[in-house]
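Consider the model shown below, with its sequence. The text after it goes through one sheet and then one enclosed space.

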Amino acid sequence: SVQPQPIEFEADSTLSLAKVEEKIKPDDVHFARTRLLCLENTQNGKALPLAYLAEAAAFAKAKNLKLHLDGARLFNAVVKQQVEVKEITRHFNSVSVCLSKGLGAPVGSLLCGARDFIEEARKWRKMTGGGMRQAGILAAAGLFALENNIARLAEDHRNAERLTEGLAKFPALTVERNPAQTNMVFFQAPADTTARLAEFLQQRHILISPGKTTRLVTHLDIHGEDVEYILAQVGEFFQR
């Protein structure tokens, strides 16, 4: 079994390694052994600094921890930082990658690592009923996404930046601005304002999930003209 130990991330979406060290369990039969440090990149849409990844890898090695990358949106970080994927993944013992989300495949994720690690993972997948039959058509979609939909993530980033800039012009909205951001937009507003805005937009075929912080995510089905339409409708809402 696994006993996770969540740690709140910092404003730049990194995990404080000092806080991680505080959570490492002592060598005591009453505690689970601390064996793995898991980082997510991007985290809340922000690409983790390359220098931080190197620092985290050195920390994990010093503490005898394996290092795993939750790379659901790994390629957003690759495109944002204009590096090859190995410049990020070389620090990790294992990496998971999502083929849907930004890459646009209908379904699927990949687990990557050393050969013996993957062989063990396949055995555990079989034991827990995770195998799939006749999955070639899904694999084909995943291959297409990897071969065709990585470079175009830059378009999602531009659309998110435009959406951020546009929403920031409305005084009622507090919009998060961060140079490391990729394809996510976060804004806050009074609860009644956000609820009324969501209802107003729904009537105009725009769906958002209102909350204390509202998150908007751009992807390959959102185009520049869609962003302009959203901003126009938000503007109409605040002009009423």
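Which helix lies across S5, S6 and S7? In this predicted model, the answer is helix H7, residues 153-167, which runs at about 20° to S6.

The three strands beneath that question form an open sheet in the order S5-S6-S7, and their pairing is antiparallel. Strands of a sheet pair through backbone hydrogen bonds, either parallel or antiparallel. Strand S5 (174-175) and strand S7 (214-217) are the edge strands, each pairing on one side only. Strand S6 covers residues 184-188 and pairs with S7 in the antiparallel sense over four bridges. Within this pairing, Phe186 stands opposite Arg215 in S7.

The second topic is the interior space. The count comes to one cavity of 30 Å³ or more. The largest cavity holds about 40 Å³ of space. Which elements give two or more residues to its lining? They are helix H3 (74-81) and strand S3 (94-98). H3 gives the most, with three residues.

The lining can also be read residue by residue. Gly71, Ala72, Arg73, Leu74, Phe75 and Asn76 belong to it, along with Val97 and Cys98, then Gly102 and Leu103, and lastly Leu153. By residue class, the lining of the largest cavity divides into seven nonpolar, three polar and one charged. Glycine is counted as polar in this division. Leu153 links the two topics: this residue lines the largest cavity and lies within the range 153-167 of helix H7, the helix that lies across the sheet strands S5, S6 and S7.

Technical notes. Residues numbered from 1 in each chain as written. Predicted model: local features only at pLDDT ≥ 70, side-chain atom pairs only at ≥ 80, totals over all residues. Heavy atoms only, no water. 1 Å grid on protein atoms, 1.4 Å probe; cavity = no way out; pocket = protein on both sides within 12 Å on 5 of 7 lines; lining within 4 Å. Points joined across faces, edges and corners; volume = space filled by probe spheres on them. Pairing = 2+ DSSP bridges. Contact = heavy atoms within 4.5 Å. Axes fitted to C-alpha atoms, helices over the stretch in contact; angles between N-to-C directions.
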